[in-house]
Amino acid sequence: MSTVGSISELGQRYLDGELRQEALRGDIRLSSKEDVPRLADFPDSERNGIRELGLRALADGRVGFGVLAAGASSRMNLQDLPADVAALLELSGKDDLPLSKALVPVIAHGGKAYNYLDLFLVNCRRFLEQAGAKAKTVIFVSEKNGPEIREHLDSCQNQGLDSDDVWDFVQPMEPQIV
């Protein structure tokens, strides 16, 4: 076993056997394609009902969008970047890779570089516009990359989403048992 930082009190209790989870029961197997029904495979009447149910939940503010943006770009090497990505990085006005992979530029449009997070937000905005709905978008960030992501969101004005509807959730970088 290796540790990152010191072991927390809760982690020590787990290691000492004071805390344990229930054993898994029943048949356990890998998920398969058949486990997740495709909406396109439903009959039209059922598919339309499911779509309406989802759109009502969205319009009522009972659901929202979420994205994990806490992944670090620390394993990306600037010298090993494909030429296209290096050109996009330059177009975005950056000399160094961002801390978060979510901010690595992936496409250019209209003379501007867009990253993964930009594209996610654009998709959220377009979906909400088409659905005539309003919903929250939650971006999960880490303590390390949160400031960089917030600065980017300010600079791109949340890709047209209302700033009151774009939230971030900070995942603490606490010591962990590995």
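Colleague: In which sense do β2 and strand β5 pair, and over how many bridges?

Modeller: In this predicted model, β2 and strand β5, the latter covering residues 137-142, pair in the parallel sense over four bridges. To place that pairing at the level of residues, look at Val 67, which stands opposite Ile 139 in β5.

Colleague: Which strand is joined to β5 by six bridges?

Modeller: That is strand β6, residues 166-171, and the two strands run parallel. Ile 139 can again serve as the reference point, since it stands opposite Asp 168 in β6. Between these two strands the chain crosses from β5 through helix α5, residues 146-155, to β6, and this β-α-β crossover is right-handed.

Colleague: Turning to β3, what is its pairing with strand β4, and what lies between the two?

Modeller: Here the sense is antiparallel, with four bridges between β3 and strand β4, which spans residues 112-115. The two strands form a hairpin with two residues between them, and Gly 110 in the turn has a positive phi of about 60°. As a residue to follow in the viewer, take Ile 107, which lies in strand β3 and has Tyr 114 as its bridge partner in β4.

Colleague: Is Ile 107 buried, partly exposed or exposed?

Modeller: A general point helps in reading a strand: in a regular strand the side chains alternate between the two faces of the sheet. For the case at hand, Ile 107 has a relative accessible area of 41%, and because the partly exposed class runs from 20% to 50%, Ile 107 is partly exposed. Ile 107 also belongs to a nonpolar surface patch of about 330 Å², made together with Val 106, Tyr 116 and Leu 119. The elements that give two or more residues to this patch are β3, residues 105-109, and α4, residues 116-131.

Colleague: How many aromatic pairs does the structure hold, and how is such a pair described?

Modeller: In general, a pair of aromatic rings is described by the distance of the centres and the angle of the planes. The structure holds two aromatic pairs. In the pair of Phe 65 and Phe 127, the ring centres are 6.1 Å apart and the planes stand at 85°, so the pair is edge-to-face. Phe 65 lies in strand β2, residues 65-68, whereas Phe 127 lies in helix α4, so the pair ties together parts that are 62 residues apart in sequence.

Colleague: What is the relative accessibility of Phe 127?

Modeller: Its value is 40%, so Phe 127 counts as partly exposed.

Technical notes: Residues numbered from 1 in each chain as written. Predicted model: local features only at pLDDT ≥ 70, side-chain atom pairs only at ≥ 80, totals over all residues. Heavy atoms only, no water. Patch = residues over 30% accessible without salt bridge, like charges linked within 9 Å, V, L, I, M, F, W, Y side chains within 5 Å. Areas by Shrake-Rupley, 256 points an atom, 1.4 Å probe, with all protein chains shown as cover. Salt bridge = Lys/Arg side-chain N within 4 Å of Asp/Glu carboxyl O. Buried < 20%, exposed > 50% of the residue type's maximum accessible area, 1.4 Å probe, protein only. Phe/Tyr/Trp six-rings, centres within 6.5 Å; stacked < 30°, edge-to-face > 60°. Pairing = 2+ DSSP bridges. Right-handed = clockwise from strand over helix to strand, strands pointing away.
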